[in-house]
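This briefing walks through one protein model, moving from its overall form to its surface and then to its aromatic rings. Please look over the sequence and the structure before reading on.

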Amino acid sequence: MLAAFGPIAFGMLYDIAGQWQSPLIVLFLLAIVLTVVGYISGKGYVTKEEKS
């Protein structure tokens, strides 16, 4: 259900702004936020190598 909200919100933002620039800026900013959060959350994680 949550994933279905994205395209609807994206389209509503386009309808309000009347251009694609605003929705794409929001999408770009969300991608930056998700990248930073992903980097921080995986920062201290180290995988163990398996010995054969």
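Is Trp20 buried, partly exposed or exposed? With a relative accessible area of 44%, Trp20 is partly exposed, because that value falls between the 20% under which a residue is called buried and the 50% over which a residue is called exposed. The model discussed here is a predicted one, and the points below place Trp20 in its surroundings.

**Overall form**

- The protein contains two helices and zero strands.
- Its radius of gyration is 18 Å, well over the 10 Å that the globule rule gives for 52 residues, and the protein is therefore more spread out than a compact globule.
- Taken along the principal axes, the box filled by the C-alpha atoms is roughly 60 × 20 × 15 Å.

**The first helix and its end**

- Helix H1 covers residues 2–17, which is 16 residues, and from its first C-alpha to its last this helix reaches 23 Å, close to the 22 Å expected at 1.5 Å a residue.
- Just after H1 comes Gly18, which takes a positive phi of about 80°.

**Surface**

- Of the 52 residues in the protein, 2% are buried.
- The protein exposes about 5100 Å², and 70% of this area is supplied by carbon and sulfur atoms.
- Ile25, Phe28, Leu29, Ile32, Val36, Tyr39 and Ile40 make a nonpolar surface patch of about 720 Å².
- Phe28, one of the residues in this patch, is found in helix H2, which covers residues 21–41, and Phe28 counts as exposed because its relative accessibility is 54%, where the cut-off is over 50%.

**Aromatic rings**

- A pair of aromatic rings is described by the distance of the centres and the angle of the planes.
- In this protein the count comes to two aromatic pairs.
- In one pair, the rings of Phe10 and Trp20 have their centres 5.9 Å apart and their planes at 35°, so this pair is tilted.
- This pair links distant parts of the chain, since Phe10 lies in helix H1 while Trp20 lies in the loop between H1 and H2, 10 residues apart.
- The rings of Tyr14 and Trp20 have their centres 4.2 Å apart and their planes at 20°, so that pair is stacked, given that planes under 30 degrees apart count as stacked.
- Through these ring pairs, Phe10, Tyr14 and Trp20 are linked into a cluster.
- Phe10 is partly exposed, with a relative accessible area of 26%, and Tyr14 is also partly exposed, with a relative accessible area of 29%.

Technical notes:
Residues numbered from 1 in each chain as written. Predicted model: local features only at pLDDT ≥ 70, side-chain atom pairs only at ≥ 80, totals over all residues. Heavy atoms only, no water. Helix = DSSP H or I, 4+ residues; strand = E, 2+ residues; numbered from the N terminus. Expected span 1.5 Å × (residues − 1). Rg over C-alpha atoms; globule rule 2.2 N^0.38 Å. Buried < 20%, exposed > 50% of the residue type's maximum accessible area, 1.4 Å probe, protein only. Areas by Shrake-Rupley, 256 points an atom, 1.4 Å probe, with all protein chains shown as cover. Patch = residues over 30% accessible without salt bridge, like charges linked within 9 Å, V, L, I, M, F, W, Y side chains within 5 Å. Salt bridge = Lys/Arg side-chain N within 4 Å of Asp/Glu carboxyl O. Phe/Tyr/Trp six-rings, centres within 6.5 Å; stacked < 30°, edge-to-face > 60°.
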